[in-house]
Structures are given as structure tokens and as C-alpha cells.
Amino acid sequence: MSRIVITGGAGRLGRSLVAGLTARGHEIVSFDLDVSDASELEGVAQIAIDLTDATATADALAASHADALIHLAAIAVPFSAPEDVILRVNSGLAVSVMGGAVRAGIRRIVAASSPTVLGYGADGWVPDRFPLDERTPPKPSNAYALSKLVIEQSISMLHRQTGDDVRYAAFRPCYVIAPEEWDGAPTQQGHTVQERLDDPALSAPALFNYVDARDVAGFADTLLAALPHTPNAETYFVGADDALARQPLADLVPQFFPDTEDVAAVLTGTSPAFSNAKAAELLGWHPTYGWRDQLQIARKEQPA
Ligand SMILES: NC(=O)c1ccc[n+]([C@@H]2O[C@H](COP(=O)([O-])OP(=O)(O)OC[C@H]3O[C@@H](n4cnc5c(N)ncnc54)[C@H](O)[C@@H]3O)[C@@H](O)[C@H]2O)c1
């Protein structure tokens with residue numbers, strides 16, 4: 001059993017991590033601007049805190065007696081605030097929260113990055129190859145993506161400062177689907193899962209990627225357990241085994257990303273654009289939820 005601080009624990013992904021890690025026997029403390037009344041946070045210690053206050057953050061981390069940190073708090077949607085604000089807040093939080101955790105003696109530190117670090121929103125973006133993976137060079141094309149690269153680089157920086165006394169990792173969750181979203185609640189960009197499937201233009205900006213938030217909780221549990229004996233300060237994509245699309249991406253990707261016919265040709269069948277092979281190889285993690293099963297379950301559960 002670990003005692004884990006989750007920043008952003010009241011958010012879309014945070015709530016599922018709190019629920020999933022509590023169910024796996026861990027003690028969770030959520031640090032968030034908001035104290036949430038969401039059912040997933042019932043009985044969980046919640047600290048209301050503005051993490052942009054570095055001193056308050058350091059004090060709260062020191063008082064938490066945690067042995068692990070999962071840092072999620074961020075301005076989580078590209079262009080949802082001015083570019084300079086997104087860069088300043090997300091980058092600042094990376095340094096103050098993770099740096100504060102190191103100084104508080106927390107020895108396992110994990111932070112959420114994003115697949116957007118690869119820059120696939122930009123005009124003329126053509127990758128060298130598919131599937132995209134951790135070796136694909138990051139080329140951020142907006143302040144959100146850049147701030148996520150800063151988070152990954154902050155981990156490298158802290159690792160240089162502490163060496164292996166502290167174990168770190170960054171993870172890049174694909175488009176997160178929270179459990180209630182299979183039943184029709186709006187996803188992060190405001191559309192339902194069904195709408196994203198019916199109109200591929202909605203899912204194309206995320207390259208048809210997705211992951212069930214409960215799978216991210218399973219990933220986080222596996223990662224924290226593995227950190228002491230796996231390579232330090234690694235980055236992992238965390239995505240479903242398939243694409244959020246009804247057609248093969250070999251057909252769909254070139255419709256939205258010009259000049260990608262040749263590189264996308266390998267994305268046959270249900271193959272996703274992002275590989276989750278590194279998490280499988282180094283951690284033994286595999287996703288367990290897929291949209292075909294989840295939508296079928298949701299349909300069966302709806303009243304006739
Ligand atoms: N949802 C996705 O599809 C997705 C994909 C890739 C990466 N991510 C990353 O995962 C993390 C969580 O995303 P989410 O979708 O749950 O976002 P969210 O907006 O639902 O949750 C973020 C939480 O952080 C909190 N927060 C923000 N600023 C804060 C501050 N200054 N002090 C304290 N708390 C603060 C918010 O109150 C919120 O509860 C983010 O870092 C995001 O960039 C999310």
C-alpha cells in the first residue's frame with residue numbers, strides 16, 4: 001500500500017485515478033483547486049490548494065507524508081487560455097510541484113504529459129513513420145504541447161539533480177474517456193463518443209487515439225510498482241489497443257493529414273496511430289477497455 005498525492009484529483013482523469021488506486025488498496029490525497037463532491041472522491045482526503053503558490057505547495061507536500069506523487073493538475077485543454085498563460089502555469093507547476101515533492105522526500109514521481117508533444121496539429125505535419133511511439137521526435141506546435149514537453153524535460157532535469165535516489169516517469173495519456181462518457185456524457189472536446197465515431201473529423205485532431213480512464217488508473221498502479229526496478233525517467237504512451245474509428249486509419253489518416261498515404265499504409269485493421277508497446281515491454285501493462293465492448297455494454301444498460 002502506498003500513500004499517493006494526486007494533483008488534479010478532482011478532474012476528469014484525476015477522479016478515475018483516485019477511484020482506481022483507492023480500489024487497489026492505496027491511500028490517496030487529492031491536491032486540487034476544487035474540493036469535489038464526485039462519488040469517486042467520497043471519503044478521500046482532499047486538500048484545496050492553488051498549486052501556483054509554490055510555497056504553499058511545498059508545505060502541503062511536506063505535510064502529506066506521501067511516498068508517491070502523480071502530477072496531473074494543469075490547464076488541460078489546448079487554447080482554453082491565452083498561450084502565455086498555458087505555458088507559464090503548466091511549466092511552473094511542473095517545477096514547483098515535482099521539485100517540492102523531491103524536497104519533501106517523496107521518492108516516486110510521475111507526471112502527465114500528452115501525445116500532443118509530437119505536434120500533429122501543425123499544418124504540413126507528416127511523421128517519419130507510424131505507429132508513433134516514444135522515439136518519434138517531439139515537435140510541439142502550441143503552448144499546451146510545449147508545456148507538456150517542459151514537464152518531460154523537468155523530469156530529466158530533476159533526475160540529473162537527484163540521480164536514482166528518486167524514481168520518475170512521464171506518461172502521455174491518449175484522449176481520455178471517463179467511464180460515464182460511454183453512456184453519453186460529453187467527452188473533453190464536448191462531443192459524445194458516438195459522435196466522435198460517426199464523424200471522423202471530430203476525432204482526427206487527436207489522431208483517433210483514446211484510452212479509458214480506468215486503464216490509466218491501472219497503468220499508474222503498475223508504473224508506481226515498477227518504478228524502483230525499471231529504467232528511470234522514462235516516458236510512456238498510454239493508449240487503447242485500437243483506434244477510435246470504424247475505418248482503418250490507413251484510409252482515414254490521409255483524409256485529414258495530407259501526404260500521409262505512404263506512412264499511414266501500415267495502419268491496417270483496427271491499429272491505432274500510437275503504439276503502447278513500450279508500456280507492455282517495460283512494465284507488462286496492457287489496456288483492458290475498448291470502445292466496441294464499452295458502447296455495447298452501455299447500450300444494453302440503457303432502459304428499453
Ligand atoms: N483528458 C485527456 O484526454 C488528456 C490527454 C492527455 C493528457 N492529459 C493531461 O492529464 C491531466 C489531467 O487532465 P484532465 O482531463 O483530468 O483535466 P481536468 O481539467 O479535468 O483536470 C485538471 C485538474 O487540475 C486542477 N488544477 C488546475 N490548475 C490548478 C492549480 N493551479 N492548482 C490546483 N489544481 C489545479 C483543476 O481544478 C482540475 O480539477 C492534465 O495534465 C492533462 O494535460 C489529459
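Which residues touch the most other members of the largest nonpolar core?

**Model.** I worked from a predicted model, in which local features need pLDDT of at least 70, side-chain atom pairs count only at pLDDT 80 or more, and totals for chains, interfaces and linings use all residues. Residues are numbered from 1 along each chain as its sequence is written, and side-chain values use heavy atoms, with hydrogens and water left out.

**Cores.** I looked up the largest nonpolar core (buried Ala, Val, Leu, Ile, Met, Phe, Trp, Tyr and Cys residues joined through side-chain atoms within 4.5 Å) and found that L17 and I70 touch the most other members among its 56 residues. The most residues, eight, come from helix 7 (residues 213–226), helices being DSSP runs of H or I with at least four residues, and strands runs of E with at least two. Another core, of 26 residues, lies apart from it and includes A66 and I151.

**Salt bridges.** I searched the whole structure for salt bridges (a Lys or Arg side-chain nitrogen within 4 Å of an Asp or Glu carboxyl oxygen) and obtained 13. R12 and E181 form one at 2.2 Å, N to O. R12 lies in helix 1 (residues 12–23) and E181 in the loop between strand 7 (176–177) and helix 5 (193–198), so this pair ties together parts 169 residues apart in sequence.

**Exposure.** I took buried as under 20% relative accessible area, exposed as over 50%, and partly exposed as in between (1.4 Å probe, protein chains only). R12 is partly exposed at 29%, whereas E181 is buried at 2%.

**Network.** I noted that salt bridges link R129, D133 and R135 in a network. The R135–D133 bridge spans 2.6 Å, N to O; R135 is exposed at 64% and D133 buried at 8%.
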